[in-house]
Protein chains: 2
Amino acid sequence: MSENNQLRDVFDAIADPTRRRLIRLLAEVEEIPLHELTAQFPMGRTAVSKHLTILKEAGLVLDRKVGRETRFRLNAYPLREIQDWVAFYGKFWSTNMLRLKQLLEEEEE
Amino acid sequence: MSENNQLRDVFDAIADPTRRRLIRLLAEVEEIPLHELTAQFPMGRTAVSKHLTILKEAGLVLDRKVGRETRFRLNAYPLREIQDWVAFYGKFWSTNMLRLKQLLEEEEE
DNA sequence: TTGACAAGACACCGAATGGTGTCATATACT
DNA sequence: AGTATATGACACCATTCGGTGTCTTGTCAA
């Protein structure tokens, strides 16, 4: 099977809103070069590139050079770790949600 | 309905491994005081307390004072945001997973 | 062949993060 | 009453983070 090449924790990679937006943008296209991604953000190319590097380290993004561009592509598979993790806690709001909500309200007043 | 009191991004709150372990520990008990939680970690009480504060700010934890203890309790509900977010990307490995795996392997050599 | 564009690599910076230790206070125990 | 325990509230510190700007190299196009 494919080795676990993840230098970076996936939870860490998706913690930043910019990186989540990158993931979303990448989900909507087949492949997209850095400068086009950069155009979608209020920050410079270097910053976007760094975020993409972090996503790459988490295995969430693949890149290839085409001419002078570097094109990026989403690899959503590592997100399974997140899904598995959060699934475990699903029971805490499916069965106990009402009770917990009550507790929350008690606590808030 | 309950206001959105989240001072802290839930994605951010779960990014730290110590905080994920706290969530897990809290999931296994009804209610637990700070010093008992601290005993489970290789760090000091202050550090654990800070992590719990961050979880509180994300709405993932409730606390109440009982005597001289502060007891903590899990509120898993905000994790729904994570589940909703990741669910969107589920299709990328359920339908396209094979193709993406191939791409990953190409890229790796 | 010259000029514009895309991107990597690097140095730099302020703010946030994740830890520490210490002091003060409230509660529990004997 | 006096001691030990649990916690809050700080001040402090090194490292990481998220951004910047600049310089260089490679590629495309006129």
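## The hairpin and sheet of chain A

Let's start at the end of a strand: A:Val66 sits opposite A:Glu69, a residue of β3(A). This is a predicted model, so please read every contact below in that light. The pair belongs to a longer partnership, in which β2(A) and β3(A), the latter covering residues 69–74, run antiparallel and are joined by six bridges.

Step back and the whole sheet comes into view. Chain A has an open sheet of three antiparallel strands, arranged β1-β3-β2. Its edges are β1 (32–33) and β2 (61–66), each of which pairs on one side only. As general background, strands of a sheet pair through backbone hydrogen bonds, in either a parallel or an antiparallel way.

## Helices packed in chain A

What lies across the strands of chain A? Helix α2, residues 17–28, does: it lies across β1, β2 and β3 of that chain and runs at about 90° to β3(A).

Helix α2(A) also has a helical neighbour. Its axis and that of α4(A) come within 10 Å and cross at roughly 75°. An angle from 65 to 115 degrees counts as roughly perpendicular, and α2(A) and α4(A) are therefore roughly perpendicular to each other. On the α2(A) side the contact uses A:Thr18, A:Arg19 and A:Leu22, while α4(A) brings A:His51, A:Leu52, A:Ile54 and A:Leu55. Sorted by class, this contact has four nonpolar residues, two polar and one charged.

## The sheet of chain B

Now over to chain B, where three strands form an open antiparallel sheet in the order β1-β3-β2. Here β1 (32–33) and β2 (61–66) stand at the edges with a single partner strand each, so one side of each has no neighbour in the sheet. Helix α2 of chain B, residues 17–28, lies across β1, β2 and β3 of its chain, at about 90° to β3(B).

The pairings can be followed residue by residue. β1(B) meets β3(B) in the antiparallel sense over two bridges; B:Ile32 stands opposite B:Phe72, and B:Pro33 has B:Arg71 as its bridge partner. Between β2(B) and β3(B), which run antiparallel, there are six bridges, and one pair of bridge partners is B:Val61 with B:Leu74 of β3(B). β2(B) and β3(B) form a hairpin with two residues between them, and B:Gly67 in the turn has a positive phi of about 60°.

## Where the two α5 helices meet

Helix α5 of chain A (residues 79–88) packs against helix α5 of chain B (residues 79–89), with an angle of about 140° and axes 9 Å apart. How are α5(A) and α5(B) oriented to each other? They are oblique, because 140° falls outside the cut-offs for roughly parallel, roughly antiparallel and roughly perpendicular. The crossing of α5(A) past α5(B) is left-handed.

From α5(A), the contact draws on A:Leu79, A:Ile82, A:Gln83 and A:Val86; from α5(B), on B:Leu79, B:Ile82, B:Gln83, B:Val86 and B:Tyr89. Seven of the residues in this contact are nonpolar and two are polar, with no charged ones.

## Surface near DNA strand C

Which residues come closest to DNA strand C? They are A:Pro33, A:Leu34, A:His35, B:Gly44 and B:Gly67, out of 18 residues that surround this strand. B:Gly67 is a residue we have already met, in the hairpin turn of chain B.

Several elements supply at least two residues each to this surface: α3 (34–38), α4 and β3 of chain A, along with α4 of chain B. α4(B) gives the most, with four residues. The surface near strand C has four nonpolar, nine polar and five charged residues.

## Surface near DNA strand D

DNA strand D is surrounded by 19 residues, and the closest are A:Gly44, A:Gly67, B:Pro33, B:Leu34 and B:His35. B:Pro33 also appeared earlier, as the bridge partner of B:Arg71.

Here the elements that each give at least two residues are α4 (45–57) of chain A and, from chain B, α3 (34–38), α4 (45–57) and β3 (69–74). α4(A) provides the largest share, four residues, and this is the helix that packs against α2(A) with axes crossing at roughly 75°. By class, the surface near strand D holds four nonpolar, nine polar and six charged residues.

Definitions and conventions
Residues numbered from 1 in each chain as written. Chains lettered and ligands numbered in written order. Predicted model: local features only at pLDDT ≥ 70, side-chain atom pairs only at ≥ 80, totals over all residues. Pairing = 2+ DSSP bridges. Contact = placed C-beta atoms within 7 Å. Axes fitted to C-alpha atoms, helices over the stretch in contact; angles between N-to-C directions. Near = placed C-beta within 6 Å. Nonpolar A, V, L, I, M, F, W, Y, C, P; charged D, E, K, R; others polar. Left-handed = near helix turned anticlockwise from the far one by under 90°. Parallel < 35°, antiparallel > 145°, perpendicular 65-115°, else oblique.
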